[in-house]
Amino acid sequence: MKNTIALSVLLMLALVAGAVAQNTAKGLFASKCALCHGPDASAQTAMGKTLKIRDFHSADVQKQTDADLKTVVTKGKGKMPAFGGKLTGEEIDQLVGYIREIGKQQK
């Protein structure tokens with residue numbers, strides 16, 4: 001009985017932690033990325049169109065490795081600013097994970 005309760009509590013904590021991480025990544029994206037990349041990551045913003053930013057749902061973005069995406073976020077690329085000094089490594093990892101989740105979503 002104690003083991004079942006303990007297991008249930010651990011499972012609930014894991015689910016909550018996963019939801020908080022997803023929410024944090026979504027919030028980071030909304031605050032740091034959405035201005036250019038758009039709230040749905042399709043880059044259909046004035047800035048996205050002007051700079052010809054790629055849609056995060058696209059195969060071109062999704063085929064990049066996590067390390068490639070992390071480098072772009074950390075060091076910047078082209079007109080995109082570097083976020084290495086503005087975000088922690090953990091936050092950048094969360095954004096990369098969120099970009100992966102975006103790739104799984106239907107537009």
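**Close-up 1. Surroundings of Leu95 in helix 6 of the predicted model.** Once residues within four places in sequence are set aside, the contacts of Leu95 are with Ala25, Leu28, Phe29, Cys33, Val73 and Leu87. Leu95 belongs to helix 6 and has a relative accessible area of 3%, which is under the 20% limit, so the residue is classed as buried. Between the C-alpha atoms of Leu95 and Leu69 the distance is 9.1 Å, although 26 residues separate the two in sequence.

**Close-up 2. Ala25 of helix 1 and its partners from later in the chain.** Ala25 is a residue of helix 1, and with 3% relative accessibility this alanine counts as buried. Apart from neighbours up to four places away in sequence, Ala25 is in contact with Gln94, Leu95 and Tyr98. A further distance can be read in this view, since the C-alpha atoms of Ala25 and Ile92 are 8.8 Å apart, while the two residues lie 67 residues apart along the chain.

**Close-up 3. The largest nonpolar core of the model.** This core comprises 18 residues, and those with the most contacts inside it are Phe29, Phe56, Leu87, Leu95 and Ile102. At least two residues of the core are supplied by each of helix 1 (2-32), helix 5 (66-75) and helix 6 (89-104), and helix 6 provides the largest share, with six residues. In soluble globular proteins, nonpolar side chains tend to be buried together. Leu87, one of the core residues with the most contacts, is in contact with Leu28, Lys32, Ile92 and Leu95 when its neighbours within four places in sequence are left aside.

**Close-up 4. The crossing of helix 5 and helix 6.** Two packed helices are described by the angle between their axes and the distance between the axes. Here the axes of helix 5 and helix 6 come within 10 Å and cross at roughly 125 degrees; because this angle falls in neither the parallel, the antiparallel nor the perpendicular range, helix 5 is described as oblique to helix 6. The crossing of these two helices is right-handed. On the side of helix 5 the contact is made by Asp66, Leu69, Lys70, Val73 and Thr74, and on the side of helix 6 by Gly89, Ile92, Asp93, Leu95, Val96, Ile99 and Arg100. Sorted by class, the contact of helix 5 with helix 6 contains six nonpolar, two polar and four charged residues.

**Close-up 5. Lys70 of helix 5 and its contacts.** Lys70 lies in helix 5 and has a relative accessible area of 33%; this value falls between the 20% and 50% limits, so Lys70 is partly exposed. Beyond its neighbours within four places in sequence, Lys70 is in contact with Gly89, Ile92, Asp93 and Val96, and these four residues are also listed on the helix 6 side of the crossing. The C-alpha atoms of Lys70 and Phe83 are separated by 9.9 Å, with the two residues 13 residues apart along the chain.

**Close-up 6. His37 of helix 2 and the residues that it touches.** His37 lies in helix 2, which covers residues 34-37, and counts as buried at 12% relative accessibility. When residues up to four places away in sequence are not counted, His37 touches Phe29, Ser42, Ala43, Thr45, Ile53, Arg54, Phe56 and Met80. Among these partners, Phe29 and Phe56 are also residues with the most contacts inside the largest nonpolar core.

**Close-up 7. Two loop residues with a positive phi, Ala43 and Lys52.** Most residues other than glycine have a negative phi, and most peptide bonds are trans. Ala43, although it is not a glycine, has a positive phi of about 65 degrees, and its place is in the loop between helix 2 and helix 3 (46-51). Lys52 likewise has a positive phi, near 55 degrees, and is placed in the loop between helix 3 and helix 4 (59-62). The two residues fall into opposite exposure classes, for Ala43 is buried with a relative accessible area of 2%, whereas Lys52 is exposed with 71%.

**Close-up 8. The whole chain, for orientation among the preceding views.** The secondary structure of the protein chain amounts to six helices and zero strands, and buried residues make up 28% of its 107 residues. Of the contacts with a separation of 6 or more, 44% are between residues 24 or more positions apart.

Methods
Residues numbered from 1 in each chain as written. Predicted model: local features only at pLDDT ≥ 70, side-chain atom pairs only at ≥ 80, totals over all residues. Heavy atoms only, no water. Core = buried A, V, L, I, M, F, W, Y, C linked by side-chain atoms within 4.5 Å. Buried < 20%, exposed > 50% of the residue type's maximum accessible area, 1.4 Å probe, protein only. Contact = heavy atoms within 4.5 Å. Axes fitted to C-alpha atoms, helices over the stretch in contact; angles between N-to-C directions. Parallel < 35°, antiparallel > 145°, perpendicular 65-115°, else oblique. Left-handed = near helix turned anticlockwise from the far one by under 90°. Nonpolar A, V, L, I, M, F, W, Y, C, P; charged D, E, K, R; others polar.
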